[in-house]
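Dear colleague,

I am handing over a structure that I would like you to look through with this email beside you. Please open it first, and then follow the notes below at your own pace.

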Amino acid sequence: MPITYDKKKKIFTLNTKNSTYQFMIDDYKNLLHLYYGRKSNGIMKNFLIERARSFSGVFDDEHEGHSLDYLPQEFPVQGTGDFRSPLLIVRDENGTFGCNLTYINHTIRDGKYRLNGLPAAYENSGDDAKTLEIILYNNRLDLSVKILYGVLPELDIITRSAIIFNNSSRKITIEKIQSACLDFTHGKFDVINFQGRHAMERQFERRELLHGSTVIESRRGMSSHQNNPLVILSDHDATENSGRCWAMMFVYSGEFKAEISRDQYDQTRFQMGLSDEKFSYVLDPDKKMTVPEVIMTFSASGFEKISHNLHDCIRKNICRGFWRDRARPVVLNSWEAFYFGISGAKLLDMAKHAKNLGVDMLVIDDGWFLNRNDELHALGDWTPDENKLGMNLETLVKEINAIGLDVGLWLEPEMVSEDSNLYREHPDWAFVIPNEVPLKSRHQLVLDLSNRKVRKYILDFIFEILDSSNIKYLKWDYNRSISEVYSHAAKNQGKVLYEYILGLYEILDKINAKYPEILIEGCSGGGGRFDAGMMYYTPQIWCSDNTDAIDRLYIQHGTSFGYPASVTAAHVSVCPNHQNGRITPLPTRGIVAMTGAFGYELDPAKLSNDEQLEIQAQISRYKSLRKIITDGFYYRLSNPFSENFCAWEYISRDRRKFLLNVVILRCHGNMPEFYVTPRGLKPGKFYRNVNDGEIYASDALMDSGFALPMPKRDFESYTYLFEIV
Ligand code: DGJ
């Protein structure tokens, strides 16, 4: 049973295929966490050790060992004598902090809960999903919190969320609310996070957890290039395929905070949710607030299983709609080919070449609308520049269609340039604090999506474009962080950032509802909003503005810990690379970009004959392998930070075909041989290397590896398809 309640012992148990999660109601009606680990039938109450400790507050003098200062908790709240980091901090009308929440009742029901206005993992038929709702209550404030657990047993996923209700006739201010907390009574752990910067996102980083707090967060109004809302806690000695690991992934695209702390008694708390900076949510009488979801998963066998669980969940239970299971088009994007210098003639010429190469879609990137010849102007005024395009957008799209290509269009709907009619007409629609000089980033300001009128404006112009032109794809860009938060339309500024994200989701939902077959690719200066929240609306995201194959190896290595290839957009570009000047072989660029949603970012008119032939071959190879890449299991076979090559594998879901990719990082004199060891093959079987027909025993391959040729130059690459015999 995925969720059970032992009435006598007051214990809740949540079971997935390979994990068990358990907590209980104590004598004071607090929820105490017991266990999240390997699947087990037991009652794990033995982890609760009650011992009287100095400086620890108790509810009952007779029961001195029972203090929330150190007992593991399920939903820690500030003001209960737990001095660790809480999930919830509230203040009453007088500003008094604190509120103890105690158990009132619970419901277990079939199906997975959904959240109003927010993305959340959903169930498919056959998932046997269940929901547990528990009502906690504080009498003084007349405040109740419904905490929500979703169980997707086959996927080994447990989700958490909550809804806060103000039942009273007074205002209550929520100063902090987070979604999930895992308390560990003992253990030595490492924290794994994915840090970075623009054009160098999601770099794997691992550190030992010491006393105090490790905080992984975004304060940028977006999930950010700097820290991804995926954090893994692991046994200190965990590897790709051994050791226990726990992951939390936030299904939200705004600011977040994950905190992992080790306390005075060497206990660990792992929590995740909304950032509490710039957050002070006034909850009016009779109102409620919905808390974004955190997806959790446990693996008893290393990071690889964590990744497989998260990939499956994102692929089938986060991504939605027409494109979820469909082969995505191979695109040619105009950005690195022409930047702002696009024109109708160039695009048509590009389309002709692209058709010959086997490309499915031409994406018209930035620069297609009036006055948009650089970064300084025109965001917000979405009128096509007919002079530049040589005709109206509708006709241009028709002409490209006539060549045999679909058309995609770049938009950055959340932004406004100071030099725009929109800003001149509605200066109050941008996040600008009155009497402060607005901070510009990429010369632009952020529109206030918490304002209904702004949302309507955005939807109206997008509907107009989509109604008049045969656009099949939108690249939804977002190119600055939010520094000032001020909404002219809001009563309370402390919830504006949260309502901005709700506004963004509402817009995306309405576009998806009206045009269900439109493919929206998320983008934020590359991968600045590469999160499960966006993936609910945009089933693929531009992984990074860095198209260099070698930097991409590291970016995609980190990305792969949480996110499947199907959501990861990657393109081949020219050399020397525009971001770092590196020169890499075209086959290597192809192998690296064939990691999900594939495409090109170059002017095909400038390709040599050999390059054209190579690209034609790449596209047809990609199309023949696309299913294994986007639907298969993904294995990281090397650590590019410590090894001299980067190797990864995709294996089909029936494990009958696998693709082995290797890129050599540095070539040296007289090098030792390279071996790469695939994983996840069917034991006791034989696989044929399709390249040369050679047959290999699966167990020997998984034991001693596969010998690679001796590289002759830096960045050489190899790709092998194996099929079961
Ligand atoms: C940032 C994106 O990541 C790029 O791919 C490109 O679309 C530019 N914006 C256009 O301004």
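Where is the place of Pro 576? Pro 576 sits in the loop between strand 28 (568-573) and helix 11 (586-593), and please keep in mind from the start that what you are viewing is a predicted model. The peptide bond that joins Cys 575 and Pro 576 is cis, with omega about -5°.

Ser 573, for its part, is found in strand 28. With a relative accessible area of 1%, Ser 573 is buried, because anything under 20% counts as buried. If you look from Ser 573 to Asn 546, which is 27 residues away along the chain, you will find that their C-alpha atoms are separated by 9.7 Å.

The ligand site

The ligand is surrounded by 13 residues, and the closest are Asp 365, Asp 366, Lys 475, Asp 477 and Asp 545. By type, the residues of this shell divide into 6 charged, 4 nonpolar and 3 polar. One oxygen contact is made by Asp 365, which has a polar side-chain atom 2.7 Å from an oxygen atom of the ligand. For Lys 475, an N or O atom in the side chain is 2.7 Å from an oxygen atom of the ligand, while Asn 479 has a side-chain N or O atom 3.4 Å from a nitrogen atom of the ligand. The ligand taken alone would expose 290 Å², and the protein buries 98% of that.

Two residues with positive phi

The loop between strand 21 (361-364) and helix 4 (386-389) holds Asn 371, and Ala 378 is found in the loop between strand 21 and helix 4 as well. Asn 371 has a positive phi of about 70° although it is not a glycine, and Ala 378, which is not a glycine either, has a positive phi of about 80°. Are these residues buried or exposed? Asn 371 is partly exposed, with a relative accessible area of 40%, whereas Ala 378, at 1% relative accessibility, counts as buried.

A helix to check by hand

Helix 8 (residues 496-514) lets you test a simple expectation, because at 1.5 Å a residue its 19 residues should span 27 Å, and its end C-alpha atoms are indeed 27 Å apart, which agrees. Several residues of helix 8 are buried, among them Val 496, Leu 497, Tyr 500, Ile 501, Leu 504, Tyr 505, Leu 508 and Ile 511. When you read that list, it helps to remember that an α-helix has 3.6 residues a turn, so residues three or four places apart point the same way.

Strands and hairpins

Strand 4 (residues 31-38) is largely enclosed by the rest of the structure, because 7 of its 8 residues are buried. Strand 3 (residues 19-25) pairs with strand 4 in the antiparallel sense over 7 bridges, and one of the pairs to look for is Gln 22, whose bridge partner in strand 4 is Tyr 35. The two strands form a hairpin with 5 residues between them, and in the turn Lys 29 has a positive phi of about 70°.

Further along the chain, strand 32 (residues 657-664) is mostly covered, with 7 of its 8 residues buried. Which strands are joined to strand 32 by bridges? Strand 31 (residues 645-651) is joined to strand 32 by 7 bridges, and the two run antiparallel; strand 37 (residues 717-724) is also joined to strand 32 by 7 bridges, again in an antiparallel arrangement. On the side of strand 31, Ile 651 has Phe 658 of strand 32 as its bridge partner, and on the side of strand 37, Val 663 has Ser 717 as its partner. Strand 31 and strand 32 form a hairpin with 5 residues between the strands, in which Arg 655 takes a positive phi near 60°.

A buried glutamine

Finally, please look at Gln 271, which lies in strand 17 (residues 268-274) and counts as buried at 0% relative accessibility. Its side chain reaches the backbone oxygen of Pro 86 at 3.1 Å, and a polar contact of 2.8 Å joins the side chains of Gln 271 and Gln 178.

With best wishes for your reading

Conventions:
Residues numbered from 1 in each chain as written. Heavy atoms only, no water. Near = heavy atom within 4 Å. Polar contact = N/O pair within 3.5 Å; in protein donor to acceptor, adjacent residues only side chain to side chain. Areas by Shrake-Rupley, 256 points an atom, 1.4 Å probe, with all protein chains shown as cover. Nonpolar A, V, L, I, M, F, W, Y, C, P; charged D, E, K, R; others polar. Helix = DSSP H or I, 4+ residues; strand = E, 2+ residues; numbered from the N terminus. Expected span 1.5 Å × (residues − 1). Buried < 20%, exposed > 50% of the residue type's maximum accessible area, 1.4 Å probe, protein only. Pairing = 2+ DSSP bridges.
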